Amino acid sequence: MKIAMVGAGYVGLVTGVCLADFGHEVICLDRDADKIRALQDGIIPIYEPGLAELVKANTEAGRLSFSHEMKAAIGASDVVFVAVGTPSRRGDGHADLSYVYAAAREIAASLEGFTLVVTKSTVPVGTGDEVARIIAAENPNADVLVVSNPEFLREGAAIEDFKRPDRIVVGIEDERARAVMTEVYRPLYLNQAPLLFTSRRTAELIKYAANAFLAMKVTFINEIADLCDRTGADVQQVAQGMGLDKRIGAKFLHAGPGYGGSCFPKDTLALAKIGQDNDAPMRLVEATIAVNEQRKRAMARKIVAACGGDVRGRTIGILGLTFKPNTDDMREAPSIDIIRGLQDRGARIVAFDPQGMAAAEAVLDDVRFADSAYAVAEGADALVLVTEWNAFRSLDLARLKSLMAAPVFVDLRNVYRAPEMVRHGFTYASLGRPD
Ligand code: UGA
């Protein structure tokens, strides 16, 4: 099958290369000619485990190519995916659909023969209708069906998620699309991954509902962690006890400094707006957004308290900056609010992240970047573990302590245990655990 991927960003690139790996002939398109040239030279613009190898193998096999010439590629394709960004619109939090609609116009002008236009981008309910309307208006003779196929990939595990999905959601308005989409996902379908066909609007809403529910689950356990701190209960055991109930499930019950990233913050905000616009307020989602915002600031206060109430003139070392491990993504990372909160209280910041330092430099001011956890510890008055990279899971605690000016360790991901830390002479604080 011939597939064109419009948008060679995170989602487009991962989806494109994985579809090529299934044996389809895929061309990834992007307006950014520099990005396309880099990809043609084998340079991958993002850090995602396994992606570079897969791009190389499929490019060499002749199944994957890159171009910024839209017209010919779209005309030759059976299926055109739209994987462009839908960031929060400045000012009101609505999803900004200008890239999606621009892609629709460009695709419309290039269509030849029966084609499926498949929206991968996360879009508000009803966007597929508007894409279909734009294409029909621009090119009344086009033989086209517009399909919704939201993605559920996690950064850092995207290839694994693509190849072993819990489900594939496909929203269609015309039965002819069913056979084509089944063919696109044939290898997964043969692997028993459920292919859930719904209406287009339903598929669009599934994506927002799933992300908002997960964000709510994380936020719920974060509030339970705070309650554990006040009552002496242990949040990890509470999560375990809850998670063994199959109706609840164990995943996304890890207390932390608040969710971040390119998806949960923007998608919860957009869903809240969709609710307001449709007179069906999403009150739980609105509360989730507010609680998560407050939490990131509360983490700075927690660190100050662990340092005895004052951090003026002290050096605080930050371990991990990205919003989660195995990515170089700093978007909405809790580390940003935490660091700014500490700086506002007069602290000096030194930080290390295995992949995120280039992106962090662009968003953080007055931070000294070190090249390892131990370099961060040197002379620090406290260490704060913000992102649970594997590199921070088995630190040499004796060495770390010997390097620090004061042995305070604040663990915002509950990676270590208090008895072990106390044995090494640390003053240790974590989230919702009495010991
Ligand atoms: C999320 C969803 O998990 C994907 O299914 C979805 O496809 C993606 O958004 C998207 O819409 O594109 P992602 O943003 O990569 O994926 O990251 P997650 O692994 O979901 O983590 C989100 C945030 O929640 C992170 O800040 C993470 O640290 C936090 N989190 C997650 C916790 O604090 N505790 C948990 O138990 C789980």
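Let's start with the layout. The domain assignment splits the protein chain into domain 1, residues 2–198, and domain 2, residues 199–435. Keep in mind that this is a predicted model. The C-alpha centres of the two domains sit 32 Å apart. At the contact between them, 27 residues of domain 1 meet 24 residues of domain 2.

Which elements of domain 1 supply that side? Helix 6 (127–138) and strand 7 (168–171) each supply at least two residues of the side of domain 1 that touches domain 2. Strand 7 gives the most, with three residues. By class, this side of domain 1 has 13 nonpolar, 11 polar and three charged residues.

Now the ligand. How many residues surround the ligand? There are 20. The closest are His-254, Gly-256, Tyr-259, Gly-261 and Cys-263. Both domains take part: domain 1 (2–198) and domain 2 (199–435) each give at least three residues to the shell. Helix 10, residues 200–231, gives the most to the shell, with three residues. The class count for the shell is 10 nonpolar, six polar and four charged.

Next, a backbone point. Phe-252 has a phi near 60 degrees, a positive value, and Phe-252 is not a glycine. Where is Phe-252? In the loop between helix 11 (235–243) and helix 12 (264–277). Phe-252 is partly exposed, because 17 other C-beta atoms lie within 10 Å, and the buried class begins at 20.

A second non-glycine case is Asp-366, with a positive phi of about 55 degrees. Asp-366 lies in the loop between helix 15 (357–363) and strand 11 (367–369). Is Asp-366 buried or exposed? Exposed, because Asp-366 has 9 other C-beta atoms within 10 Å, and the exposed class takes 12 or fewer.

Two helices now. Take helix 3, residues 51–60. Its buried residues are Leu-54, Val-55 and Asn-58. Why do these residues share a side of helix 3? Because they cover an arc of only 100 degrees around the axis. As background, an α-helix has 3.6 residues a turn, so residues three or four places apart point the same way. On the other side of helix 3, Glu-53 and Glu-60 are exposed. What do the buried residues of helix 3 pack against? Helix 1 (10–21), strand 3 (64–67) and helix 7 (158–163). Just after helix 3 comes Gly-62, with a positive phi of about 80 degrees.

Then helix 14, residues 334–344. The buried residues here are Pro-334, Ser-335, Asp-337, Ile-338, Ile-339, Gly-341 and Leu-342. They pack against helix 13 (283–306), strand 9 (315–319), strand 10 (348–352) and strand 11. A glycine follows this helix too: Gly-346, just after helix 14, takes a positive phi of about 90 degrees.

Last, the annotation. An unreviewed UniProt entry places the feature "domain: UDP-glucose/GDP-mannose dehydrogenase C-terminal" at residues 317–418. Over that stretch, the model is 30% helix and 19% strand. The end C-alpha atoms of residues 317–418 are 19 Å apart.

To recap. Domain 1 and domain 2 are in contact through 27 and 24 residues. The ligand shell draws on both domains. Phe-252 is a non-glycine residue with positive phi, and so is Asp-366. That's the tour.

Methods:
Residues numbered from 1 in each chain as written. Predicted model: local features only at pLDDT ≥ 70, side-chain atom pairs only at ≥ 80, totals over all residues. UniProt positions renumbered as here; feature names shortened; annotations may be inferred. Helix = DSSP H or I, 4+ residues; strand = E, 2+ residues; numbered from the N terminus. Arc of directions from axis to C-beta. Contact = placed C-beta atoms within 7 Å. Domains from an automatic or database assignment. Nonpolar A, V, L, I, M, F, W, Y, C, P; charged D, E, K, R; others polar. Near = placed C-beta within 6 Å.
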